[in-house]
Amino acid sequence: MVVAGEVSGDLHAAKLVKAIRQSRPGADLGFFGAAGAELRRAGVEAIVDADHLSVVGLPEIARALPMFLRAFRELKKEALRRKPEAVILVDFPDFNLKLAKSLKKEGLKIIYYISPQLWAWRQYRIKTIKKHVDLLLTILPFEKQWYAERGISHVRYVGSPLAREVHPSVSREGFCAGHSLDPSLPVIALLPGSRHKEIVRILPVMIETAVRMMEKDRRLQFVIALAAERHRAEVEEAVRLVGEEGLKLPEKLPIVAGQTYDALNASDAAAVTSGTATLETAIIGTPLAMVYKTSTFNYKLLRPMIDIDHFGLVNLIAGKRLVRELIQDDLTAEELGDELFRLLEPEENKKMRAELAAVSDQLGHGGASLRAAEAILETLGI
């Protein structure tokens, strides 16, 4: 049984399923659970469609509670009926930790892939990991030691599934030619996230930033990069609303879907919404500013619970504030524009690219999905 609930988790889970099959080509292995598009393509039977489970913010989660409860009941019912060899839970901790507790009490073996970020907040959840998870597979270099210091030994560090797997498919020149951009002029990528609320709250600031920056330098070019085509309508609507507010939009503002790596590779700098995309940007080596904005209610409620010096994964791995973090009220068109202009300066750009290469090197050297697969199969004796 495999349970993923977000776009990035669905992608990593799909790679894991493929790696498990690759590791045991002759075995008769079946998979079911909560599956998004990538897991379904990998042959996982979707008891629950995970495409709509990605919700951020307490009010939003509260409104979606009936959907989550229904998904929980359906998954538990199928798990008890089918008695899988293992339940592989991928990220998505608010849902998956509760499922781990419930299914472990029923005698099922629980494997958790991509550790919840307990080192950042809600450390009380470590009790659930200790009691209800049989094997925890971590992807960040400092996590195994962090758990060991707290008395948890059933942890394996497998490396990031992004390491050596984030590759552009076309050159800068090829990407620019396909989207009417001039490769001899600066290109800036805007990554507004994959959730509806992120697009609504963050993209307008990004677009205003682009407008303000182009008022100062007409040579600048911008591209909006989306993880999936299904977000295009939301993005186009956000762009239209910004235009109705009186801002003169750039004549060219291409929106690309499913070409994030190519867009980043073609860009001189990027504004990237906090999450997996920041690590992907670091691996590609594009200098970036990390941004995030949620509702005022969510921020005031959740901020006191977060006990780390840096929000961004890039900064956490670097151990310093390598990438500027523009969070909540700090995310303004003026602040973001100033930072992007700074990143376009040749010396700053060169310096950050070198430091991002060092961060990328710490993520491992590829093969994380296969290592995770072998750890799972070894645990199951398959």
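**Close-ups of a predicted model: helix crossings and empty spaces**

**View 1. Helices α9 and α10 cross with a right-handed turn.** The whole model is a predicted one, and this view picks out α9 and helix α10 (residues 232-244), whose axes come within 9 Å and cross at roughly 40 degrees. That angle is why α9 counts as oblique to α10. On the α9 side, the contact is made by His 196, Ile 199, Leu 203, Pro 204 and Ile 207. Facing them from α10 are Glu 234, Val 235, Ala 238, Val 239 and Val 242. Sort these contact residues by class and you get eight nonpolar, one polar and one charged.

**View 2. Helix α9 (residues 196-216) also meets helix α15 (residues 333-344).** Here the two axes come within 9 Å and cross at roughly 60 degrees, so α9 is oblique to α15. The crossing of α9 and α15 is right-handed. From α9, look for Val 205, Met 206, Glu 208, Thr 209, Arg 212, Met 213 and Lys 216. Their partners in α15 are Ala 333, Leu 336, Gly 337, Asp 338, Leu 340, Phe 341 and Leu 344. By class, this contact of α9 with α15 brings together eight nonpolar, two polar and four charged residues.

**View 3. The second largest cavity has a lining of nonpolar residues, eight of them, with no polar and no charged ones.** Two cavities of 30 Å³ or more turn up in the structure, and the second largest has a volume of about 30 Å³. Around this cavity sit Val 2, Ala 13, Leu 16, Val 17, Ile 20, Phe 31, Ile 88 and Val 90. Which elements each supply at least two residues of this lining? They are α1 (7-23) and β4 (87-90). Helix α1 gives the most, with four residues.

**View 4. The second largest pocket is lined by 17 residues.** Its volume comes to about 290 Å³. Nearest the centre of this pocket you'll find Met 1, Gly 30, Pro 84, Glu 85 and Ala 86. Which helix provides the largest share of the lining? That would be helix α17 (residues 368-380), with three residues. Class by class, the pocket lining has 13 nonpolar, one polar and three charged residues.

Methods. Residues numbered from 1 in each chain as written. Predicted model: local features only at pLDDT ≥ 70, side-chain atom pairs only at ≥ 80, totals over all residues. Heavy atoms only, no water. 1 Å grid on protein atoms, 1.4 Å probe; cavity = no way out; pocket = protein on both sides within 12 Å on 5 of 7 lines; lining within 4 Å. Points joined across faces, edges and corners; volume = space filled by probe spheres on them. Nonpolar A, V, L, I, M, F, W, Y, C, P; charged D, E, K, R; others polar. Axes fitted to C-alpha atoms, helices over the stretch in contact; angles between N-to-C directions. Parallel < 35°, antiparallel > 145°, perpendicular 65-115°, else oblique. Left-handed = near helix turned anticlockwise from the far one by under 90°. Contact = heavy atoms within 4.5 Å.
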